[in-house]
Amino acid sequence: MRKVSSREEIVQQRVKVADAKIASSCRSPLRSKYQIGQLFSVTEASRQETGGGEGVQVVRNEPFEGESLFNGRFTSGQFTHKIYHLKSKVPVFLRAIMPKGSMTVHEQSWNAFPYCKTELTNPDYMKDDFLIRIETMHLSDRGTTKNALGLSKDVLNERKVVRIDIANDNEHLSAADILDNTRPSTFRSVNTGRGPLEQQWQTNCEPVMCAYKVITVKFKWLGLQTMVESYIQKQYPRLLCKFNRELFCWMDRWNGLTLAQIRLIEEETQRALDEMRKTGDPRGMTASER
């Protein structure tokens with residue numbers, strides 16, 4: 001398995017940095033419940049995004065040990081390697097100039113919950129000139145931690161903080177993302193009684209958890225670098241908001257599942273995705289020009 005880069009190397013490679021803070025509300029013990037919901041929702045979202053030759057291909061999904069993550073604080077967890085076959089999910093201006101077969105992104109992720117690290121690359125075409133790195137820390141607070149991922153002073157000075165309220169329909173999302181059955185402002189869980197998330201829920205709900213994400217983008221292409229890096233940074237709030245809205249509103253489907261049951265669902269989903277890519281039409285989110 002490929003070793004994780006040192007934190008010093010990570011900081012040196014930063015080009016554009018965004019810090020997203022996503023508040024969520026689940027039953028206690030909060031973080032372990034969110035972990036189950038997160039893993040379940042990844043499998044469901046993968047199915048939604050796969051079909052017609054596009055979508056998610058799971059290459060590896062296995063435990064890891066002996067890695068040094070977040071300055072050695074985390075050393076074990078679950079490693080995944082996925083390939084995203086994109087095409088219709090790539091902006092038109094990129095599709096026009098990129099050769100056939102180049103629109104695949106490899107994702108390697110080390111999930112050592114509550115810390116996670118994900119790297120997306122394009123080894124078949126852009127190689128070292130493309131990198132998206134996402135580091136996440138899940139904390140039981142209301143988004144008040146100033147530097148949850150221990151960024152250096154230089155990186156703190158250049159980062160842009162984006163707050164994501166999953167109950168707000170009026171920011172980050174495209175019209176197609178707003179569905180009645182995944183709207184936290186109206187959803188109420190039958191099994192847990194959680195929801196709906198009404199005004200001031202981030203202040204009034206108890207318990208509350210915040211996912212802190214630092215997203216780093218590198219895209220080296222003369223004439224396109226600034227445009228593409230800005231585009232990607234704008235799309236991540238949309239993606240994260242949509243995903244966490246679904247996670248919350250799917251609560252009755254994942255609440256009570258064990259981690260062992262989640263692993264079985266992941267295995268079943270991996271087999272299903274291989275078949276889904278062969279048939280039907282492309283599904284899920286498309287490139288937003290917002």
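1. Accessible areas here come from the Shrake-Rupley method with a 1.4 Å probe. On that basis the accessible surface of the chain comes to about 14,000 Å², and carbon and sulfur atoms contribute 50% of it. The model is predicted.

2. Overall content: the chain contains eight helices and eight strands. It has 290 residues, of which 54% count as buried. Taking contacts with a separation of 6 or more, 75% of them join residues 24 or more positions apart.

3. Strand E3 covers residues 74-85, and nine of its 12 residues are buried, so the strand can be described as mostly covered. E3 pairs in the antiparallel sense with E2 (residues 55-69) over 11 bridges. E3 also pairs in the antiparallel sense with E4 (residues 104-112), here over eight bridges. Two positions help to fix the register: Gln78 in E3 stands opposite Pro63, and Phe79 has Trp110 in E4 as its bridge partner. As background, side chains in a regular strand alternate between the two faces of the sheet.

4. The E2-E3 connection is a hairpin with four residues between the strands. Phe70, in the turn, has a positive phi of about 55°. Phe70 and Phe74 are both buried.

5. Aromatic pairs: the count comes to nine. In one of them, the rings of Phe70 and Phe74 have centres 6.4 Å apart and planes at 35°, so this pair is tilted. Tyr125 and Trp221 form another tilted pair, with 6.2 Å from centre to centre and 55° between the planes. Tyr125 lies in the loop between E5 (115-122) and E6 (127-139), while Trp221 lies in the loop between E8 (209-219) and H6; the two residues are 96 residues apart, and the pair links distant parts of the chain.

6. Exposure in the Tyr125-Trp221 pair: Tyr125 is partly exposed, with a relative accessible area of 35%. Trp221 is also partly exposed, at 22%. The cut-off matters for Trp221, because buried means under 20% relative accessible area. Tyr125 and Trp221 belong to one aromatic cluster together with Phe130 and Phe219.

7. Helix H6 (residues 225-249) includes Leu247. The relative accessible area of Leu247 is 0%, so the residue counts as buried. What is Leu247 in contact with, leaving aside its neighbours within four places in sequence? The partners are Tyr34, Gly37, Gln38, Ser41 and Trp254. For Ser41, the separation from Leu247 is 206 residues in sequence and 5.6 Å in space, C-alpha to C-alpha.

8. Helix H8 (residues 259-276) has 18 residues and reaches 25 Å from its first C-alpha to its last, close to the 26 Å expected at 1.5 Å a residue. Its buried residues include Ile262, Glu266, Thr269, Ala272, Leu273 and Met276. Seen down the axis of H8, the buried residues fall within an arc of 135°, so they line one face of the helix. An α-helix has 3.6 residues a turn, so residues three or four places apart point the same way. On the face of H8 turned away from the buried side are the exposed residues Ala260, Leu264 and Arg271.

How values were computed: Residues numbered from 1 in each chain as written. Predicted model: local features only at pLDDT ≥ 70, side-chain atom pairs only at ≥ 80, totals over all residues. Heavy atoms only, no water. Buried < 20%, exposed > 50% of the residue type's maximum accessible area, 1.4 Å probe, protein only. Contact = heavy atoms within 4.5 Å. Pairing = 2+ DSSP bridges. Expected span 1.5 Å × (residues − 1). Arc of directions from axis to C-beta. Phe/Tyr/Trp six-rings, centres within 6.5 Å; stacked < 30°, edge-to-face > 60°.
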